[in-house]
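User: I would like to go through some labels given to this model and ask what each one rests on. Please set each value against its cut-off.

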Amino acid sequence: MIDARITRLAETLIHYSCDLQPGEKILIEAIDVPHEFTCELIRLAHAVGGHPNVFLKSKQIMRRLLLEATEPQLEAMAETEETMMEQMDAYIGVRGSPNVSELSDVPAEAMNAFERLIWKRVHSDIRVAKTKWVVLRWPTPSMAQLAGKPTEAFEDFYFDVCTMDYERMSRAMQPLIKLVEATERVRIVSPGTDLEFSIEGIDVQPCDGKRNIPDGEVYTAPVRDSIRGTIQYNTPTLYQGHSHHDVFFRFENGKIVEASSNNTEHLNTVLDSDEGARYIGEFAIGFNPYIREPMRDILFDEKIAGSIHLTPGNAYDVAFNGNRSQIHWDLVLIQRPEYGGGELWFDDVLVRKDGMFVRPELEGLNPENLMNGA
C-alpha cells in the first residue's frame, strides 16, 4: 500500500504547484527517485487529463557520461532534451541524491560545458522561461546524514516541510512583496557583513510552492553595478560536487573582487566561468518555519527561517537585472541569534532583526504564525 504522504506530496505538485489542466503536457524528470513516486505523479497527471512524459536519470550514470564528455556528445544530448522541453506546458523535477559527492571528480571543464550546453539551453532558456515548473529533492539517507538526523526522523521532517500549507504562506507574504517593490536600497548587517545595494526597478517574485518544494522566499535582484561592501556567509554549501564553508566576498561596483572559502581555488574557478559569474543575479529573503538548520542542500537551505541569500551568476528573466551567466550559485546567510544575529534594512528602516520580522504587517511570516496548526 502506498504511503499516504507520497500521495499528498504528488497531489501538491500536480494540483497546486503545476496546476495541471486537461490537455497539458508535463515532463516528469526523476533522478534517483523511487519508481513508486514517479508512478503516482503519472497517475495523478492522467487523472486530471494531462499528458505525462518521463525522463529517468541517475547521478552515477551522469558522472560516467561527463568524465570523458565531448562537446558533440553534449550538443546531441542538449538537442534531444530541447526538443522534449519545447513541447511541454509543465515540468516536475524530482532529484534524489544517494551520494552528494557523486560528481566531485568530474573535471571543471566538463561541468562548465554541461552547464553551458545543456543546463542553460534546456532549463534556463526553456523550462524556467516557458513552463509551469517545480523542482524538489527526494529524501535519502545521504540527505539525512547531511542534516544530522536519523533516516526516519528526516523523512518525517521532509514531508512536514514539503506538504505544509503553502496557500497560507502565499497570503502572508503579500505585504512583504509590496514592501520590496517599494524599496530602493537594501542594507544587510551581520558579523563580517556590511553590504548595501539598490533593488530599484527590479521585479519581485514570490516563492510559495509554485516553483520549489519546499518553498518560502521572496526574491528580486540587485541593480547589477550597485553592490558595495562585504558579506560573510555562514552556511556550508555544495556546488559541482565540491563542499565550501566560510565563503567571503568583497564587492566593488557590483563585482566580486575578492573571494575566499575553505576551498578558495575551486571558488574562484567557478567565479571565473564567465563575465557574469562575479556579479549577483538574485537577492532573496527566506522564511520557511520548518527549515532551521543548513543541510548542504540548497533547495532547503535557501528557505531557512531568518535567512537571506545573495547569488552569484545568472539572473532570472522574471527579476532581471541584466546579468547573464552559466552559473547560479545560491549562498546563504542566516541571521538568527544562534548564528550571530543580524539586521535587514530597507531604505534606512529596520525590517528584520535577528531573523524575526519587526514590522507589524510582516509578522505573519514569523515561524509561530506559519506552522501548521498556528
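User: Where is Pro214 placed?

Analyst: The model is a predicted one. Pro214 sits in the loop between strand S7 (205-207) and strand S8 (217-220). The peptide bond leading into Pro214 from Ile213 is cis, with omega near 0°.

User: How many disulfides are counted?

Analyst: The count is zero disulfides. Cys162 takes part in no disulfide, as its nearest cysteine sulfur, in Cys18, is 14 Å away. A disulfide needs two cysteine sulfur atoms within 2.5 Å, so a pair at 14 Å does not qualify.

User: What makes the sulfur of Cys207 unable to form a bond with the closest cysteine sulfur?

Analyst: The closest cysteine sulfur to that of Cys207 belongs to Cys18 and lies 14 Å away, which is too far for a bond. The cut-off is 2.5 Å, so Cys207 and Cys18 are not a disulfide.

User: Are Cys162 and Cys207 buried or exposed?

Analyst: Buried means under 20% relative accessible area. Cys162 has 0%, so Cys162 is buried. Cys207 has 7%, so Cys207 is buried as well.

User: Why is the pair of Arg121 and Glu75 called a salt bridge?

Analyst: Their side chains meet at 2.7 Å, N to O. The limit for a salt bridge is 4 Å between a side-chain nitrogen of Lys or Arg and a carboxyl oxygen of Asp or Glu, so this pair qualifies. Arg121 is in helix H5 (residues 108-130) and Glu75 in helix H4 (residues 71-86), and the pair links distant parts of the chain, 46 residues apart. Glu75 has 27% relative accessibility and therefore counts as partly exposed, between the 20% and 50% limits.

User: How do you know that Glu293 and Arg336 form a salt bridge, and what does the pair tie together?

Analyst: The N to O distance is 3.6 Å; the cut-off is 4 Å, so the pair counts. Glu293 lies in the loop between S14 and H11, and Arg336 in the loop between strand S16 (332-334) and S17, so the bridge ties together parts that are 43 residues apart in sequence. Arg336 is buried at 4% relative accessibility, whereas Glu293 is partly exposed at 43%.

User: What makes Lys353 and Glu343 a salt bridge?

Analyst: Their side chains meet at 3.1 Å, N to O, and this is within 4 Å, so the definition is met. Lys353 lies in strand S18 and Glu343 in strand S17, so the pair ties together parts that are 10 residues apart in sequence. Lys353 counts as partly exposed, with 37% relative accessibility. Elsewhere, salt bridges that share partners join Asp3, Arg5, Glu155 and Asp156 into one network.

User: How many salt bridges does this rule give?

Analyst: The count is 27 salt bridges.

User: Which residues form the negative surface patch, and what makes the patch negative?

Analyst: The patch is formed by Glu184, Glu200, Asp347 and Asp348. Asp and Glu count as negative, so the patch is called negative. Asp347 is in the loop between strand S17 (343-346) and strand S18 (349-353). A patch residue needs over 30% relative accessible area; Asp347 has 33%, so Asp347 passes that cut-off. With this value Asp347 counts as partly exposed.

User: What sets the phi of Asp19 and of Arg296 apart?

Analyst: Phi of Asp19 is near 45°, a positive value in a residue other than glycine. Arg296 has a positive phi of about 55° and is not a glycine either. Asp19 is in the loop between helix H1 (4-17) and strand S1 (25-31), and Arg296 in the loop between strand S14 (280-286) and helix H11 (298-301).

User: Why are Asp19 and Arg296 called partly exposed?

Analyst: Partly exposed covers what lies between the buried limit of 20% and the exposed limit of 50%. Asp19 has 37% relative accessibility, so Asp19 falls in this range. Arg296 has a relative accessible area of 29%, so Arg296 does too.

How values were computed. Residues numbered from 1 in each chain as written. Predicted model: local features only at pLDDT ≥ 70, side-chain atom pairs only at ≥ 80, totals over all residues. Heavy atoms only, no water. Patch = residues over 30% accessible without salt bridge, like charges linked within 9 Å, V, L, I, M, F, W, Y side chains within 5 Å. Areas by Shrake-Rupley, 256 points an atom, 1.4 Å probe, with all protein chains shown as cover. Charge placed at Lys NZ, Arg CZ, Asp CG, Glu CD. Helix = DSSP H or I, 4+ residues; strand = E, 2+ residues; numbered from the N terminus. Buried < 20%, exposed > 50% of the residue type's maximum accessible area, 1.4 Å probe, protein only.
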